[in-house]
Each structure stands twice: as C-alpha cells, then as structure tokens.
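Hello,

Here is the structure I promised to pass on to you. Have a look at it first, and then read my notes underneath.

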Amino acid sequence: MLFSKDKGRNMQDLLVEHAKLVMESVDNFQNMVGALRVLDLEKARKFECAIDKFETDADNVHRENVTQICKGSFFGYMREDILGMMEMVDSIADSAKEAARALMWRKVPEQILVKFLSDTAMNYVKQSARTARSLLAVLQSLNMKRDAVIEKVRVVELLEEEADVLKNKLFQELYSKADEYDTLTVLQLKEFIDLTDNIADNAEDASDVVLIMLAKGYS
Amino acid sequence: MSSILLIPVAIYTSFVFGINNSGLSTGSLLASGFSYKKGIALTGMGFVVGTILEGWKMGGTIDGLTAGATVSILVLTLLIAGIIFSIFSFIGLPISLVNVLVGSYIGASIASGISVNYSYVNLLVLSWIALPFVAAIATIGTYKLTVRLLSNVSPVGIGRFHLITVPMIVFYTAYTLGANNIGLLYHLSLSGEEILHFLLLGSLPIASFFGVMKSGKTSIFVSEGVVGHSPLTIFASLLIGSILVWSFTQIAIPVSLSQVLIGGLIGVNLYRKPRAYNRKALLKLIVSWVGVTVLSFLVALILQRLLL
C-alpha cells in the first residue's frame, strides 16, 4: 500500500531487527574476551561460534532488508544513505567476528594472554561494545523528535572517543611490553586491537548517516 | 483546409507534450526517490482527470486573443507546436506548450490579417514574466513554513509526510497541467462537428498519457540537471506551481508550469544554503523559453503568409 501507516514503522523495524542481531554478535564477542581472560578456552570457543552464527544471521537479514528497501518508496529520497548505513551496521558484526578470530585462530601463550587482557584491554572491549549498543538506541529513537535523535547520536560519538582513548592506552601498554612478547604475538594482538576499534568506528559512521538523514529530511 | 486534419495533429501534439512536460512532475517524483512507474501512473492519471474536469475553462483564451480563427491557422499552430515539441523532447529539454501555442497562433493570425487583441497578449506576456518571480517568493514562504511545522516531527514522521504528500502533489501538478495546457490545446483543436469535440476531450489526455511513458530524458533533466532538490523544496515548489497554474486556469490564462516550477526551485535554492544549481542548464532553459516563443511566432507568420 502506497500510503500505509505501517510503512515508517516497518522501515524502522527492519533497521532495528538487523542491528539487534549485530549487537548479539558484539555481546558474544565481549563475553568471549572475558572468557579468554580467565583462560576458559572452551567457553571462549562457544562464544566464538555464537558470534559466527549471529554474524551470518545479520548478513541474511541485511540481504533481505536491502531487497525490501530497494522495492519501497519510504525514505526513497535517502535510500542510498539507509543502504550505506545498514552496510556499516553489518560491518560491526564483521569486525566483531574478525577480532574474535584474531585472538582465537592462533593460540596466544597463556601467560601473555593474561598479561595482555588487563583492565585496560577489558575496558576497551567493553567500551567498543557499548558504542555499538548505543547505535541501537539511535535507531530505536527514529520515531522520536529530532532533538532526541541528535542527542543519542552525540552519545555514540562520545563513547567512540572514549574507546579511542582506551585503544591508545592499550597500544602503549602492548608496545611497552613488546620485549616480553614474540613478534608474531605482538602483530596478532595489534590486529585484535585494530579490529576491535572498527566495531566502535563503524557504529559512529552509521550514526553519522543518521545525521545526514536528518539534514536531508528537515531541509 | 479540412477541419478533420486538426484531430491527428492535435493528438500528436498532445503526445509530444506528454513526453516533454510530464518530466516536470515525473522528474520531481524521481528526485524524491519514488519509482519511475509510479511517476508515470500518477502523471498520466492527472492529465486525464484535469483535462476532463477543468479543460473546458480554457476556452476563453482563444476568444480573448483574436476575434476568430480559420482552420488553416489552427492546423498551422498545432503543427508548429508538434514539430517544436518533437525537437525539444528529443533533446530532453522541457519547454512551454503555452508559449509555443500562443506564439504560433498570434503569428498565423497576424499573417492572415485577423485582428489580435494586444491588450490580452500584453496581459499574457506580463503574467509569463511575473509568475516565475511570484512563484519564487511564494515557494520560499511555503518552504520556510513547512520546515518550521515539521521541525518537531520525528524522522519516521517526516518520511511518512513525504510518502503521502509528494505523490499527491505530483498528481495535482499533472491535473493542473491537464486543465490548463491540454485544455488550451483542446480549445485550439475545436472546429467542425460537435461529436468530434468529445472525441478530442478524451483522446488528447490519453495521447499525453502515452507520451508520459516516453518522458525519460526530460524527467532526468528536471530531477538531476537543473537545481539541487530535497523533498521539501520539491513539495513547496510543486505546491505553489500547481496552485498558480490552477488559479490562472479559473480565469482562462494559459500558464507555463515549467517556468513557474523552475522559478520556485531557483528561489528556494537561492534561499537555502548551500546553493546548488546548474547555471548552464538554467541559462539553457531560460533561453529556450524565450527562443521557442519567438521562433514559433516567426515560423507561423512566415508559413501562413506563404500558404495564403
């Protein structure tokens, strides 16, 4: 129906449904790192499998949503922006999966792992996950007034900045102890930090698209 | 010259008018992210309904311009309009049917020695010059008001607003084009049997409808080539353009929607920041508006003299 009242809700539902699956993969990523910290490898593997599952589910929903959005006229004038935003949201799950693999595919010596997964590392992972979750709040606020949406976008930006500060601190810690680690492990942990950073970065990029949508819709 | 010649020429002119001018409404819909098929359906329906319901009101234009007209004047007027529209549709540039019809009609009438009511012609020319400016000011006002009214609406609400209003306004735009422009074409094609009048009233908008289906080039030009669009600028410019065309239909003054619409879009884009318009395309449009009016007048004048 061209003038269906449910169209707007459906569009928002599509975005939120997809984002929820992505958040599940991020939550499992956070749990996986927590399990690694206490050296519970079995549990960590289970969380890794869950990350894979939710990432695949998110991919499938993403694909279906793209088809639906391309067919419909709702928000037609910013279709490309919405598709771009969904791609970024999807990249959050991809980053979570890649970051999990960076830690799991090559066994990091236990002693090094415990040393690396300090409070700074755990806070960094938590902060990245929080940034991603705050994006879900942005999408859920799309049926609220513009100012409320902008407020939630600002929260995403703020959390991403805090995650960046933690990332730098973690890099400093890693490189200051580099003599104690072998080169391959340093590279592996660096990759983990960078990929975890992509979780927050993609969330922030997606929230920026919401700002563009607001600018287009209200002017 | 037989009056029966008028019918195929009028139908052809209506067809090329559909190709050329439907881009004004279809293009706006495309720029708002709607599908091309929806644009065609709404524009086509608008043409048909507008012509049938209010096309009869444009009869006063012909009576106001000259004391009378011969069949040869009418055929020549329509032939010139058909040829000029075919050329510009091929190029993909929207021009004004009203300007071409009135220009060639006056040219052919002068050549035939029929007295022209110059005070009415002056009124028409004055309205053509003034209306784009009126449209620009009114569009800015409507745009500002709409932006203020929508400032407290949620993004989903904004999406719903555009989803509902843009197709409605596109339909109304096509409706006013049908009433004013095709209405004028209808009255220029009237001669002879009354039964043919009904045939024309039905066939002209249908011919335009078929033309709409071939309107890709002008639609793209209007939607992408002239000024930067947003759904709100499209909403304001189409609303004001349609209201102006409809209002002038009530007093039988033919108005060019392309001039009013582009006037409104330029106005609102000069007001909005950043300003986004294609100077080259705008210049091309303005030159073509003046050019086709003068060209159709001169060609009709010369051809009618040669025919006599």
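Below is what I found, going from chain B as a whole to a single residue in chain A.

Please keep in mind that this is a predicted model.

**Chain B overall**

Chain B is built from 13 helices and zero strands. Of its 308 residues, 57% count as buried. If you look at the contacts in chain B with a separation of 6 or more, 89% of them are between residues 24 or more positions apart.

**The nonpolar cores**

The largest nonpolar core has 90 residues, and the members that touch the most others are L101(B), L185(B) and V255(B). Helix α8 of chain B, residues 155–188, is the top contributor here, giving 14 residues. Another core lies apart from this one; it has 62 residues, including L36(A), L166(A), A200(A) and V156(B).

V255(B) is a good place to zoom in. Leaving aside residues up to four places away in sequence, V255(B) touches V98(B), S127(B), L131(B), N180(B), L244(B), V245(B), F248(B) and V260(B).

**A pair of crossing helices**

How do α7(B) and α11(B) lie with respect to each other? The axes of α7 (residues 118–150) and α11 (residues 231–250), both of chain B, come within 8 Å and cross at roughly 135°. The two helices are therefore oblique to each other, and α7(B) passes α11(B) in a right-handed crossing. On the α7(B) side, the residues that meet α11(B) include S127(B), L131(B), A135(B), A138(B) and T142(B). Among their counterparts in α11(B) are L232(B), F235(B), I240(B), L244(B) and F248(B). You may recognise S127(B), L131(B), L244(B) and F248(B) from the contacts of V255(B).

**Helix α12 of chain B**

This helix covers residues 257–271 and spans 21 Å from its first C-alpha to its last, close to the 21 Å expected at 1.5 Å a residue. α12(B) is mostly covered, with 13 of its 15 residues buried.

**One residue in chain A**

Finally, M122(A) sits in helix α5 of chain A, residues 119–140. Is M122(A) buried or exposed? It has 16 other C-beta atoms within 10 Å, so M122(A) is partly exposed; a buried residue would need 20 or more, and an exposed one would have 12 or fewer. Not counting residues up to four places away in sequence, M122(A) touches V33(A), R37(A) and L117(A). M122(A) and R37(A) are 85 residues apart in sequence, and their C-alpha atoms are 8.6 Å apart in space.

Happy browsing, and best wishes!

How values were computed. Residues numbered from 1 in each chain as written. Chains lettered and ligands numbered in written order. Predicted model: local features only at pLDDT ≥ 70, side-chain atom pairs only at ≥ 80, totals over all residues. Core = buried A, V, L, I, M, F, W, Y, C linked by C-beta atoms within 7 Å. Helix = DSSP H or I, 4+ residues; strand = E, 2+ residues; numbered from the N terminus. Contact = placed C-beta atoms within 7 Å. Expected span 1.5 Å × (residues − 1). Axes fitted to C-alpha atoms, helices over the stretch in contact; angles between N-to-C directions. Parallel < 35°, antiparallel > 145°, perpendicular 65-115°, else oblique. Left-handed = near helix turned anticlockwise from the far one by under 90°.
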